[in-house]
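I opened the file to look up how the helices pack and where a few chosen residues sit. The entries below follow the order in which I checked things.

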Amino acid sequence: MNIASWIVAGLLALFYCYAGTLKVIRSRDQLRPMMAWVDRLPLPALRALGTVEVLGAAGLLLPPLTGIAPSLALAAAIGLVVLQACAIAVHLTGGDRRIELNAGLIAAAAVTVWLATGR
């Protein structure tokens with residue numbers, strides 16, 4: 001179970017680190033082809049969202065790796081479930097029905113939560 005937890009958490013962290021970094025450093029024009037919803041958020045909110053995603057990625061891996069407050073990894077996984085639930089709401093209220101990725105990320109984060117509490 002520990003190996004499965006590390007694999008799922010590692011893949012989630014990799015995804016969120018990548019996606020969050022893009023939101024922090026790229027312009028709206030560069031993000032628009034990948035994320036049609038970027039025009040519905042103010043730029044500071046978009047940057048903050050990217051920062052939250054990068055911090056969530058770090059929160060999944062660093063506490064268990066360092067042994068310092070390992071329960072923070074559980075909190076990070078729960079936070080990522082909430083983040084994606086809100087992302088689905090943003091997509092649906094904007095008329096965008098492409099939520100498969102978001103649903104998959106919720107499932108992966110929920111599995112991470114389940115594996116973290118099952119130890």
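**Entry 1: Asp-96 and the loop around it**

I found that the side chain of Asp-96 comes to 3.0 Å from the backbone nitrogen of Arg-98. The model is predicted, and I read every value here as computed from it. Asp-96 lies in the loop that joins helix 4 and helix 5. I then asked whether Asp-96 is buried or exposed. Asp-96 has a relative accessible area of 12%, and the limit for buried is under 20%, so Asp-96 counts as buried.

**Entry 2: Helix 3 against helix 4**

Two packed helices are described by the angle between their axes and the distance between the axes. I looked up both for each pair.

For helix 3 (residues 43-66) and helix 4 (residues 71-93), the axes come within 7 Å and cross at roughly 150 degrees. Angles over 145 count as roughly antiparallel, so helix 3 and helix 4 are roughly antiparallel to each other. The crossing of helix 3 past helix 4 is left-handed. On the helix 3 side I listed Leu-49, Glu-53, Gly-56, Gly-59, Leu-60, Pro-63 and Pro-64 as contact residues. On the helix 4 side I listed Leu-72, Ala-73, Ala-76, Ala-77, Leu-80 and Leu-83. By class, this contact of helix 3 with helix 4 holds 10 nonpolar, 2 polar and 1 charged residues.

**Entry 3: Ala-69**

Next I checked the loop between helix 3 and helix 4, where Ala-69 is found. Most residues other than glycine have a negative phi. Ala-69 is not a glycine, yet has a positive phi of about 50 degrees. Is Ala-69 buried, partly exposed or exposed? The relative accessibility of Ala-69 is 36%, which falls between the limits of 20% and 50%, so Ala-69 counts as partly exposed.

**Entry 4: Helix 4 against helix 5**

I moved on to the next pair. Helix 4 and helix 5 have axes 9 Å apart and pack at an angle of about 160 degrees. With over 145 as the limit for roughly antiparallel, helix 4 and helix 5 are therefore roughly antiparallel to each other. Helix 4 makes a left-handed crossing with helix 5. From helix 4, I noted Leu-74, Ala-77, Ile-78, Leu-80, Val-81, Gln-84, Ala-85, Ala-87, Ile-88 and His-91 in the contact. From helix 5, I noted Asn-102, Ala-103, Leu-105, Ile-106, Ala-109, Ala-110, Thr-112, Val-113, Ala-116 and Thr-117. The contact of helix 4 with helix 5 has 15 nonpolar and 5 polar residues, and no charged ones.

**Entry 5: Two residues of helix 4**

I picked Gln-84, which is in helix 4. Gln-84 is buried, at a relative accessible area of 4%. Leaving aside neighbours within four places in sequence, I found Gln-84 in contact with Tyr-16, Asn-102, Leu-105 and Ile-106. I also took one C-alpha to C-alpha distance: Gln-84 and Val-111 are 14 Å apart in space and 27 residues apart in sequence.

I then took Ile-88, also placed in helix 4. Ile-88 has a relative accessible area of 16% and is buried. With neighbours within four places in sequence left aside, Ile-88 is in contact with Ile-99, Asn-102, Ala-103 and Ile-106. Between the C-alpha atoms of Ile-88 and Ser-5 the separation is 25 Å, with their positions 83 residues apart along the chain.

**Entry 6: Helix 1 against helix 5**

The axes of helix 1 (residues 2-25) and helix 5 cross at roughly 140 degrees and come within 9 Å. Roughly antiparallel needs over 145, so helix 1 and helix 5 are classed as oblique to each other. I recorded this crossing of helix 1 and helix 5 as left-handed. Helix 1 contributes Ala-4, Ser-5, Val-8, Ala-9, Leu-12, Phe-15 and Tyr-16. Helix 5 contributes Leu-101, Leu-105, Ala-108, Ala-109, Val-111, Thr-112 and Leu-115. The contact of helix 1 with helix 5 divides into 12 nonpolar and 2 polar residues, with no charged ones.

**Entry 7: Thr-112**

My last lookup was Thr-112, in helix 5 (residues 100-117). Thr-112 counts as buried at 5% relative accessibility. Which residues does Thr-112 contact, leaving aside its neighbours within four places in sequence? I found Val-8, Ala-9, Leu-12, Leu-60 and Ala-77. Thr-112 is listed in the contact of helix 4 with helix 5 and in that of helix 1 with helix 5.

Definitions and conventions
Residues are numbered from 1 along each chain as its sequence is written. This is a predicted model: local features need pLDDT of at least 70, side-chain atom pairs count only at pLDDT 80 or more; totals for chains, interfaces and linings use all residues. Side-chain values use heavy atoms; hydrogens and water are left out. Helices (H or I, at least four residues) and strands (E, at least two) are DSSP runs, numbered from the N terminus. Buried means under 20% relative accessible area, exposed over 50%, partly exposed in between (1.4 Å probe, protein chains only). Contact means heavy atoms within 4.5 Å. Axes are lines fitted to C-alpha atoms, for helices over the stretch in contact, and angles run from 0 to 180 degrees between N-to-C directions. Angles under 35 degrees count as roughly parallel, over 145 as roughly antiparallel, 65 to 115 as roughly perpendicular and the rest as oblique. A crossing is left-handed if the near helix is turned anticlockwise from the far one by less than a right angle, and right-handed if clockwise. Ala, Val, Leu, Ile, Met, Phe, Trp, Tyr, Cys and Pro count as nonpolar, Asp, Glu, Lys and Arg as charged, and the others, Gly among them, as polar. A polar contact is a pair of N or O atoms within 3.5 Å; within protein, one must be able to donate a hydrogen and the other to accept it, and residues adjacent in sequence count only if both atoms are side-chain atoms.
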